[in-house]
Amino acid sequence: MPMIFIDTPTGQMQIQQEDDAIVRVEWATGESQEPTPLLNEAKAQIGAYFDGGLYEFDLPLRVRGSEFQRRVCDAIYAIPFGETRGYGDLAADLGASAQAVGGGCGGNPIPLIIPCHRVLAANGLGGFSGQHGIETKVALLRHEGAAGLLI
C-alpha cells in the first residue's frame, strides 16, 4: 500500500493510499514507500494547512468501517476550519447517542483531514486519539483560532 511520511508541527504523520483515495492518516514515524501523485498532493495540502494557507482539504477519501462510522466521519468533515461542534450536536443530527458519536470520532481513520479535533464534549475537550492526545487536539484548535473556546 503506498504511503508517505511527513513532518508536521504536531509530529511525523503517515498517510496511506488505497486505489484512488486516502484511507489512513496517523501520527507515526517511518520511511516513505511508493509516493504517488495523490500522496504528494496530500503532503502539500497538509503543509499548506499548517502554514495557514489552507482551510479545507480537497482530497479523495475512503473511510473503511461501518455505515455509522462513515456517517460520523461525514458529519465531522463538514465542520468548518476554526469552528467546533459538540458530540451531542452531532448525535442529534445523526439520531444516535453522544457516546456512539464519541466512539465514531475515536475510530476516525483519517484524523486532521477529517477534523475530529473539532468535536468537543459538553463540559470540556473530550478525547483525542492522535499523538500526544489532548495536547495535540489543543494545538490544532489553537492553530485554527478556536482556542478561545478552551478558556
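Which residue in strand 3 does Ile15 stand opposite? The partner of Ile15 is Val25. This is a predicted model, and the two strands that hold these residues are a convenient place to begin.

Strand 2 covers residues 11–18 and runs antiparallel to strand 3, to which six bridges join it. Together, strand 2 and strand 3 form a hairpin, with two residues between them. In the turn of this hairpin sits Asp19, whose phi is positive, at about 55°. Strand 3 spans residues 21–27, and five of its seven residues are buried, so the rest of the structure largely encloses this strand.

The next topic is the aromatic residues. A pair of aromatic rings is described by how far apart the centres are and by the angle of the planes. There are four aromatic pairs in the structure. One of them joins Tyr49 and Phe57: the ring centres lie 5.5 Å apart and the planes meet at 35°, so this pair is tilted. Tyr49 and Phe57 are both buried. Tyr49 also pairs with Phe81, with 6.0 Å from centre to centre and 80° between the planes, an edge-to-face arrangement. This second pair links distant parts of the chain, as its two residues are 32 residues apart. Tyr49 belongs to helix 1 (residues 37–51), while Phe81 lies in the loop between helix 2 (67–77) and strand 4 (85–86).

Are Tyr49 and Phe81 buried or exposed? Tyr49 has a relative accessibility of 1%, so it counts as buried. Phe81 has a relative accessible area of 21%, and because buried means under 20%, Phe81 is instead partly exposed. Ring pairs also draw in further residues: Tyr49, Phe50, Tyr55, Phe57 and Phe81 are linked by them into a cluster.

The cysteines come last. A disulfide is a covalent bond that connects the sulfur atoms of two cysteines. How many disulfides does the structure hold? It holds zero. For Cys73, the closest cysteine sulfur is that of Cys105, at 7.8 Å, which is too far for a bond. Cys105 is likewise in no disulfide, and its nearest cysteine sulfur, in Cys116, is 6.3 Å away. A disulfide needs sulfur atoms within 2.5 Å, so the 6.3 Å between Cys105 and Cys116 does not qualify. Cys73 is buried, with a relative accessible area of 1%. Cys105 has a relative accessibility of 6% and therefore counts as buried too.

Note on methods
Residues numbered from 1 in each chain as written. Predicted model: local features only at pLDDT ≥ 70, side-chain atom pairs only at ≥ 80, totals over all residues. Heavy atoms only, no water. Phe/Tyr/Trp six-rings, centres within 6.5 Å; stacked < 30°, edge-to-face > 60°. Buried < 20%, exposed > 50% of the residue type's maximum accessible area, 1.4 Å probe, protein only. Helix = DSSP H or I, 4+ residues; strand = E, 2+ residues; numbered from the N terminus. Pairing = 2+ DSSP bridges.
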